[in-house]
Amino acid sequence: MLTKTRVEESLERIRAGMEARSRRIAGRVGEQLAAYVSRPGKMLRSRFALHLGAGLGVELSKAETVARAMEFGHNASLLHDDCVDEAGLRRGLPTPNAVYGPSVALLLGDIAFTQALEEVLDLHPRAVERMVCTTREMAIGELQEEFLRGSADVSLEAYLGIVSRKTGALFEWGAAVLSDLSPLEHAQADPPKLGQAVGIVLQVVDDIHDFTLEGDISGKERAKDAAMGRLTLPGVYAVADPASRAPFLAIWGAAGKEPGAADRLAELVERSGALAKARAKCRAIVRSIQALARRLPVQAEARELSSFLDVMLKREF
Amino acid sequence: MDEGLAGYGELVRRAWRTGKFLVKGPGRPTSLLKAAGTLGLQPRPRAGRGAPGRGGEKVPEARRSVRGEMEEIVKRESAEALGSLAVHQEGTMKLAPFVKFREEKFGAVLFETRSEKVFTLNKTGAAVVRAILAGAGEADLVARLRERCEDKTGKLEAEALSFLKQLKKKGLVTE
């Protein structure tokens, strides 16, 4: 059974493995830059990989390798995202694009992607091929989001489609590889779909936090998405409601330009019920994931995965 | 190649050969990128912060035309998440495990990710799968399709049910 202590021990090994790779790069690019490539955050992707791997009966060391690759892939996308967003803070620390400029951060992101690929070279014959497709989907999702910046014409389905690519794809990758590695029958649990849904729900939670959390808790600027002109799920609901559409769009247009607009926007999505709808959507997605998790072959571990999702849903960090 | 590009190419080759990435201009040394501007290649203007197009801001033409295309693409691909988010209920159908669906300009593709089999669908086939993802059961599938598609030939019901039979036979859709 993957107890809390064993999860923490695994996370420690995953961190150590990432640092070991970082040390190898440090010899070529210096310690300060190498640290950005391997610095983990909340390690939600690792926790997901460990719990799902246990539910599928996958050898722990292999699940840890999948987790490390997911963390590197995630770091790569964050390094690139922060250039796109011109973000100054990430995980409470100055971003490399802010410190050294975007060209350095972009190259560090490229290195992080290669680290993800190197992790899984010998894991499973299809792991690298799947990662290539995943990277493509993540980049396409980001591009789609980039070109819809400023557009209020984003339906719920369209929003979820973009999120399924930019965030869901990496979880889908982890789940697909764990499925490849599983020695047990598990087709009905459909791990890739389960993984994609987990990615979507974590992104929606982040979208909600963008409105609700202060910068010193989330580690990034408040209402950053709105300031960048991105319509995330609470916004999609606010725009779809005739009562809140006009006031939302008026404040949304000012976000990032007028002081206090972020707070007024957060207040509006709360008051209009848009945040409540987004939270309800999250709960519905989690229920669909838990239905799949109940079909995993190692049921005691599947329950741990369900508990992990409950915690993710309620987290305020 | 126009004069500006030829000059820029020469500049790059020289910099590569000599290792000097600063170019002496009329005044103080300037960067290669800035020098390229003087040779007819203007660096792309830096995009402003915030959302292009909001609050009456002018969106550059090139960006606007891509955005229009992107809105269409995103709309077309919007069913992709439904396959993983649909909560299965009694009497409805769903995509079989490991089957992915993506709508394309010509219709759609179904992709069985374990066997790596790809099935291409025409627009009617795509509409059938989309209705299934939206929660249609066999009993109300045709009615749902009629809400979205015109039945000019009067063959919609027969074609849709025949296609559904094939999907089930190939194990792409399950009850």
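**Chains A and B: asking how we know**

In this predicted model, the buried residues of α7(A) pack against α4 (60–85), α6 (102–119), α8 and α9 (168–181) of chain A, together with α3 (61–76) of chain B.

Q: What makes A:Met131 and A:Gly141 of α7(A) count as buried?
A: Both are on the buried list for α7(A), along with A:Ala127, A:Arg130, A:Met131's companions A:Thr134 and A:Met138, and also A:Glu145 and A:Phe147. The cut-off is 20 or more other C-beta atoms within 10 Å of a residue's own, so each of these residues meets it.

Q: How do you know that the span of α7(A) is close to the expected one?
A: α7(A) has 21 residues, and the expected span is 1.5 Å times one less than that number, so 30 Å is what you'd look for. From first C-alpha to last, α7(A) reaches 30 Å.

Q: What makes 8 residues on the side of chain A that touches chain B charged?
A: Those 8 are Asp, Glu, Lys or Arg, because these are the types that count as charged. Beside them sit 15 nonpolar and 12 polar residues. The contact as a whole takes 35 residues from chain A and 28 from chain B, and α8(A) gives the largest share of chain A's side, 6 residues.

Q: Why is A:Leu265 said to touch A:Trp252?
A: Contact needs C-beta atoms within 7 Å, so this pair satisfies that. A:Leu265 also touches A:Phe211, A:Ala223, A:Ala226, A:Ile251 and A:Ala255. In the largest nonpolar core, with 124 residues, A:Leu265 is among those with the most contacts, as are A:Val201 and A:Ile289.

Methods: Residues are numbered from 1 along each chain as its sequence is written. Chains are lettered from A and ligands numbered from 1 in the order in which they are written. This is a predicted model: local features need pLDDT of at least 70, side-chain atom pairs count only at pLDDT 80 or more; totals for chains, interfaces and linings use all residues. Two residues are in contact if their C-beta atoms, placed from the backbone, lie within 7 Å. Helices (H or I, at least four residues) and strands (E, at least two) are DSSP runs, numbered from the N terminus. A residue is buried if 20 or more other C-beta atoms lie within 10 Å of its own, exposed if 12 or fewer, and partly exposed in between; C-beta atoms are placed from the backbone. A nonpolar core is a set of buried Ala, Val, Leu, Ile, Met, Phe, Trp, Tyr and Cys residues joined through C-beta atoms within 7 Å. Lists of a residue's contacts leave out its neighbours within four places in sequence.
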